[in-house]
Amino acid sequence: MKIQVKLILSFLFFGFKVSSQNLTGTWEGASGAEYYKLVILQINDSCFGFTYDTGFGHCKANYIGTYDQSSKNLVGFNTSFIDKNIFHSLSIYDLIYSEKNSVEYLRGRIKPKTTGAKIMSMGIPQGIWYKKVSEKVDTTKLMAAKVQYYQAQTVETKVEKKDEDKPTSKIEDTVRIPKVNPVADLKSLKESRTSTLIKTLETEADSIRLVLYDNGEIDGDTVTVFYNGAIIINNIALSSKPFEITLPLNRSDSINTIELMANNLGRIPPNTALMLILTGKERHELRVLSDYSTNAQINIKYNKTNK
């Protein structure tokens, strides 16, 4: 379902501070008989919209990304399908902005996001390019609804990352996160997203230990964790050092729910976390992903002992 462009742009230019280089618009490219399109709405350094491509049919998918003004690097990924047929998969995009003779380009690589697609492609990235053909955008009703979320002001937090090529130096990267009330607004934000069940664990223990790390490169991921609907960890930065908390199980309810919500996407979307759940003598290791559309949910089922 298409929506009016003017309504979207009114949000962009009157509700937000727009960054100096704005990628908002329609971008198109081609490779042989294949046609590609990327539609972007940019607010500060956050980009969202959809991708469309043909070749063995067609595929249209929601898109979320982050644009770094200094490096001109747009990193993003597909969150979910809008429409597709066979032989298509969700992708991760790593693109560089350039301009030549007043024509704007995005060039780079895409690679599969899902494990099955990675196996089929042997993990080999594919080159891709786009040319900006219009400042106008048409987007899905689902993605237009995300504008309401981005109306929250953003604040900057500094994250230090060790430069692998220069071990003795450090570079600072800026990660933007929504400025929201730590309780009321965060709960409302969580409810606006879909909580995806990752796993259901069973235990006879009366408590569990929850341990969190960043799963991958330390890129400034921050998360909020809910336990049975209440905030127990608020806006914590994930790193290689573990964050640990002990949670008593509510034995009056058979199911206890942990929900992990992304406060940001770091520099490399999506938000990734390594979660360890220790229940009695058992150890459960879970790799969880979250973004601006989905929360990661883990259920703990308490089984009463018959002693």
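These exercises, with worked solutions, explore a predicted model of a protein chain.

**Exercise 1. Take stock of the chain.**
State how many helices and strands the protein chain has, and what share of its residues is buried.

*Solution.*
Step 1: Count the elements. The protein chain has five helices and 19 strands.
Step 2: Turn to burial. Of the 307 residues, 46% are buried.
Step 3: Look at contacts with a separation of 6 or more. Residues 24 or more positions apart account for 59% of them.

**Exercise 2. Trace a sheet.**
Find the order of the strands in the open sheet that contains β12, and name its edge strands.

*Solution.*
Step 1: Start at β12, residues 207-214. Six bridges join β12 to β15, residues 243-248, and the two run antiparallel. In this pairing, Val 211 has Glu 244 of β15 as its bridge partner.
Step 2: Find another partner of β12. Six bridges also join β12 to β17, residues 271-279, again antiparallel. Here Asp 214 stands opposite Ala 273 of β17.
Step 3: Write the order. Four strands make up the open sheet, as β15-β12-β17-β18, with antiparallel pairing.
Step 4: Name the edges. They are β15 and β18 (282-290), since each pairs on one side only.
Step 5: Add the twist. It averages 25° from one strand to the next.

**Exercise 3. Map the nonpolar cores.**
Identify the strands that each supply at least two residues to the largest nonpolar core, and the strand that gives the most.

*Solution.*
Step 1: Size the core. The largest nonpolar core has 23 residues. Val 225, Ile 258, Leu 260, Met 275, Ile 277, Ile 298 and Ile 300 have the most contacts inside it.
Step 2: List the strands. β12, β13 (222-227), β14 (230-237), β16 (255-262), β17, β18 and β19 (294-302) each supply at least two residues.
Step 3: Pick the main contributor. β19 gives the most to this core, with four residues.
Step 4: Zoom in on Ile 298. Leave out residues up to four places away in sequence. Ile 298 then touches, among others, Leu 197, Lys 199, Ile 258, Met 275, Ile 277, Leu 286 and Val 288.
Step 5: Look beyond this core. A second, separate core has 16 residues, including Leu 23, Leu 38, Tyr 97 and Leu 106.

**Exercise 4. Classify an aromatic pair.**
Decide whether the rings of Tyr 63 and Tyr 93 are stacked or edge-to-face, and whether Tyr 63 is buried or exposed.

*Solution.*
Step 1: Set the scene. The structure holds three aromatic pairs.
Step 2: Check the geometry. The ring centres of Tyr 63 and Tyr 93 are 5.7 Å apart, and their planes lie at 85°, so the pair is edge-to-face.
Step 3: Place the residues. Tyr 63 lies in β4 (residues 58-68) and Tyr 93 in β6 (residues 91-100), so the pair ties together parts that are 30 residues apart in sequence.
Step 4: Apply the burial cut-off, under 20% relative accessible area. Tyr 63, at 0%, is buried. Tyr 93, at 5%, also counts as buried.

**Exercise 5. Find charges over rings.**
Determine which ring faces Lys 60 and Arg 107 lie over.

*Solution.*
Step 1: Take Lys 60. It lies over the face of Phe 50, at 4.5 Å from the ring centre.
Step 2: Take Arg 107. It lies over the face of Tyr 105, at 4.2 Å from the ring centre.

Conventions:
Residues are numbered from 1 along each chain as its sequence is written. This is a predicted model: local features need pLDDT of at least 70, side-chain atom pairs count only at pLDDT 80 or more; totals for chains, interfaces and linings use all residues. Side-chain values use heavy atoms; hydrogens and water are left out. Two strands pair if DSSP finds at least two bridges between them. Axes are lines fitted to C-alpha atoms, for helices over the stretch in contact, and angles run from 0 to 180 degrees between N-to-C directions. A nonpolar core is a set of buried Ala, Val, Leu, Ile, Met, Phe, Trp, Tyr and Cys residues joined through side-chain atoms within 4.5 Å. Buried means under 20% relative accessible area, exposed over 50%, partly exposed in between (1.4 Å probe, protein chains only). Contact means heavy atoms within 4.5 Å. Rings of Phe, Tyr and Trp (its six-membered ring) pair if their centres lie within 6.5 Å; planes under 30 degrees apart count as stacked, over 60 as edge-to-face and the rest as tilted. A charge sits over a ring if NZ of Lys or CZ of Arg is within 6 Å of the ring centre and within 35 degrees of the ring normal.
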